[in-house]
Amino acid sequence: MKIHKSEKVLYDKLLSDLGNEAALAADMSALIAGRIDYLLRTRGMSHKDLAAATSHTQGVVSRWLSGHHNFTLNTIAKISAALGHNLLDAVTPSYR
């Protein structure tokens, strides 16, 4: 998931309008979505492959990758198992 400079400026502006907790949650969701996207690409997997591996639909996978999904730990564990990598490894949110 590549973010263009203009999108980053808008994203940062929106985050600044949120409270610290909401901004942190948004950052974390975007980081997890980016990690899923990266792992899919490095493994040569499609959204359809991940959907099949997690017993979800492609629509659900698209929502995960939107960067706005409120992930549960169970969902993170399910995706991690399907990708063969713990999504929370090396994910360090930037605290504001």
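## Surface and overall make-up

Accessible areas here come from the Shrake-Rupley method with a 1.4 Å probe, and for residues only the protein chains shown count as cover. By that method, the protein chain exposes about 6,200 Å², and carbon and sulfur atoms supply 57% of this surface. Please keep in mind that this is a predicted model, in which local features need pLDDT of at least 70 and side-chain atom pairs count only at pLDDT 80 or more, while totals for chains, interfaces and linings use all residues. Residues are numbered from 1 along each chain as its sequence is written, and side-chain values use heavy atoms, with hydrogens and water left out.

The chain has 5 helices and 0 strands, where helices (H or I, at least four residues) and strands (E, at least two) are DSSP runs numbered from the N terminus. Of its 96 residues, 28% count as buried; buried means under 20% relative accessible area, exposed over 50%, and partly exposed in between (1.4 Å probe, protein chains only).

## How far to trust the model

The predictor's confidence in each residue is its pLDDT, from 0 to 100. The mean for the protein chain is 84, and 82% of its residues reach 70 or more. Among the elements, helix H1 (residues 5–17) has the lowest mean pLDDT, 71, and H3 the highest, 97. Where pLDDT is low, the predicted coordinates should not be read in detail.

## Helix H2

Helix H2 covers residues 20–43. The expected span of a helix is 1.5 Å times one less than its number of residues; for the 24 residues of H2 that gives 34 Å, and its end C-alpha atoms are 34 Å apart, which agrees. Its buried residues include Ala33, Ile36 and Leu40, along with the charged-type names Asp27, Arg35 and Asp37. Just after H2, Gly44 takes a positive phi of about 65°.

## Helix H5 and its two sides

Helix H5 spans residues 73–83. Thr75, Ile76, Ile79, Ser80 and Leu83 are its buried residues. They cover an arc of only 135° around the axis (taken from the directions from the helix axis to the C-beta atoms), which puts them on the same side of H5. On the other side, Leu73, Asn74 and Ala81 are exposed.

The buried residues of H5 pack against H2, helix H3 (47–54) and helix H4 (58–65), with contact meaning heavy atoms within 4.5 Å. Ser80 is buried, at a relative accessible area of 11%. Not counting residues up to four places away in sequence, Ser80 touches His85, Asn86 and Leu87. H5 is followed by Gly84, whose phi is positive, near 70°.

## The nonpolar core

A nonpolar core is a set of buried Ala, Val, Leu, Ile, Met, Phe, Trp, Tyr and Cys residues joined through side-chain atoms within 4.5 Å. The largest one has 15 residues, and Ile36, Leu50, Trp64, Phe71, Ile79, Leu83 and Leu87 touch the most other members. H2, H3, H4 and H5 each supply at least two residues of this core.

Ile79 has a relative accessible area of 0% and is buried. Beyond four places away in sequence, the residues that Ile79 touches include Ile36, Leu50, Trp64 and Phe71. Ile79 and Trp64 are 15 residues apart in sequence and 9.9 Å apart in space, C-alpha to C-alpha.

## An unusual loop residue

Most residues other than glycine have a negative phi. Ser55, in the loop between H3 and H4, has a positive phi near 60°. At 66% relative accessibility, Ser55 counts as exposed.
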